[in-house]
Amino acid sequence: MPEGHTIHRAADDQRALLAGAVVAADSPQGRFVEGASLIDGRELLDVEAWGKHLFYAFAGGLRLHVHLGLFGRFRSGAGEAPPVRGAVRLRLRSAAAWLTLSGPTACEIVDDDGQRRILARLGPDPLRAASRPAKAYSRIARSGVAIGALVMDQSVIAGIGNVYRAELLFRARIAPLRPGTSIGEAEFAQFWRDTRSVMRDGVRDRRMITTRPADRPHPKGAVRPAERHYVYHRTGRPCFVCGTAILSATLAARTVYWCPVCQR
DNA sequence: GTGGGATGGGCAA
DNA sequence: TGCCCCTCCCACA
């Protein structure tokens with residue numbers, strides 16, 4: 001589920017697994033043979049996440065940029081790498097661990113300038129401690145575009161995808177079609193705080209649970225799959241808070257979900 | 001077994 | 001706005 005939390009989690013996991021090790025790199029699928037040969041046999045120094053983008057720093061100043069897109073997927077583990085499963089674009093193997101990447105939108109070697117160009121297109125990332133929400137708010141406050149489109153625009157806020165968009169706007173009680181200009185500064189500050197908190201939970205738990213226990217029909221015990229989200233994929237079902245049927249529509253080329261009573 | 005949809009985003013038009 | 005990339009998984013037959 002590659003929204004920002006998945007990517008940050010992957011960076012943390014992969015750093016723990018492979019940083020500091022010399023890695024063998026290859027491309028079993030054959031579509032990244034040249035790139036893999038450039039990093040093959042080098043030490044992996046660090047793995048870092050910015051929004052939905054990953055950067056791998058290798059000894060010698062080489063950098064690998066990965067974006068999973070909708071289909072991309074990592075598999076990893078300790079010990080010897082298992083037989084290749086499916087179309088593996090890139091495989092990294094150290095003496096102690098392995099990592100495979102399949103189906104990414106981007107898997108490329110970039111230089112410092114290339115990395116800068118990518119980062120320049122990204123808004124603040126709620127999962128990075130040094131991010132500056134004021135940059136996001138200044139874009140929102142002077143835009144007539146719907147807030148439901150703005151929060152998913154990676155150049156406004158980096159890391160929010162379609163599930164978090166729907167859920168975070170519900171939690172903030174903000175209707176997705178409101179224009180950016182209608183969002184007050186305090187309202188945005190609260191949205192940003194909640195976003196950080198919810199996404200950090202996502203990194204910690206390795207999944208998105210966006211409902212508050214008190215709002216769930218079954219507040220005790222394990223969270224039932226159908227009660228993980230307030231509105232996402234719940235068109236026509238009753239809102240957990242007010243019972244009104246959840247609505248959906250297309251916004252910024254993706255389906256957005258909301259409660260017409262709770263969200264104003 | 002098959003088809004459609006999915007958490008994304010770049011690009012042409 | 002719509003197409004394409006290109007992978008996995010589920011619902012449905």
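Which residues surround DNA strand C? In this predicted model, DNA strand C is surrounded by Gln-29, Arg-31, Phe-71, Arg-73, Arg-75, Ala-87 and Gly-103. By residue class, the surface near the strand comprises three charged, two polar and two nonpolar residues. Sugar or phosphate accounts for 65% of the atoms of DNA strand C that lie within 4 Å of the protein, and bases account for the rest.

Three of the surrounding side chains were examined for their distances to phosphate oxygens of DNA strand C. For Arg-31, an N or O atom of the side chain is 2.3 Å from a phosphate oxygen of the strand. For Arg-73, a polar side-chain atom is placed 3.0 Å from a phosphate oxygen of DNA strand C. The corresponding distance for a polar side-chain atom of Gln-29 is 3.3 Å.

In the protein interior, the largest nonpolar core contains 34 residues. Ile-147, Ile-157, Ile-160, Phe-188 and Phe-191 have the most contacts inside this core. At least two of its residues come from each of helix H4 (133–141), helix H5 (147–150), helix H6 (162–171) and helix H7 (185–205). Apart from this core lies another, of 26 residues, including Val-23, Tyr-56, Leu-62 and Cys-107.

The surroundings of Phe-188 were considered individually. When residues up to four places away in sequence are not counted, Phe-188 touches Pro-133, Ala-136, Tyr-137, Ile-140, Ile-157 and Ile-183. One of these, Ile-157, is also among the residues with the most contacts inside the largest core, as is Phe-188 itself.

Terms used: Residues are numbered from 1 along each chain as its sequence is written. Chains are lettered from A and ligands numbered from 1 in the order in which they are written. This is a predicted model: local features need pLDDT of at least 70, side-chain atom pairs count only at pLDDT 80 or more; totals for chains, interfaces and linings use all residues. Side-chain values use heavy atoms; hydrogens and water are left out. A nonpolar core is a set of buried Ala, Val, Leu, Ile, Met, Phe, Trp, Tyr and Cys residues joined through side-chain atoms within 4.5 Å. Buried means under 20% relative accessible area, exposed over 50%, partly exposed in between (1.4 Å probe, protein chains only). Helices (H or I, at least four residues) and strands (E, at least two) are DSSP runs, numbered from the N terminus. Contact means heavy atoms within 4.5 Å. A residue is near a molecule or strand if one of its heavy atoms lies within 4 Å of it. A polar contact is a pair of N or O atoms within 3.5 Å; within protein, one must be able to donate a hydrogen and the other to accept it, and residues adjacent in sequence count only if both atoms are side-chain atoms. Ala, Val, Leu, Ile, Met, Phe, Trp, Tyr, Cys and Pro count as nonpolar, Asp, Glu, Lys and Arg as charged, and the others, Gly among them, as polar.
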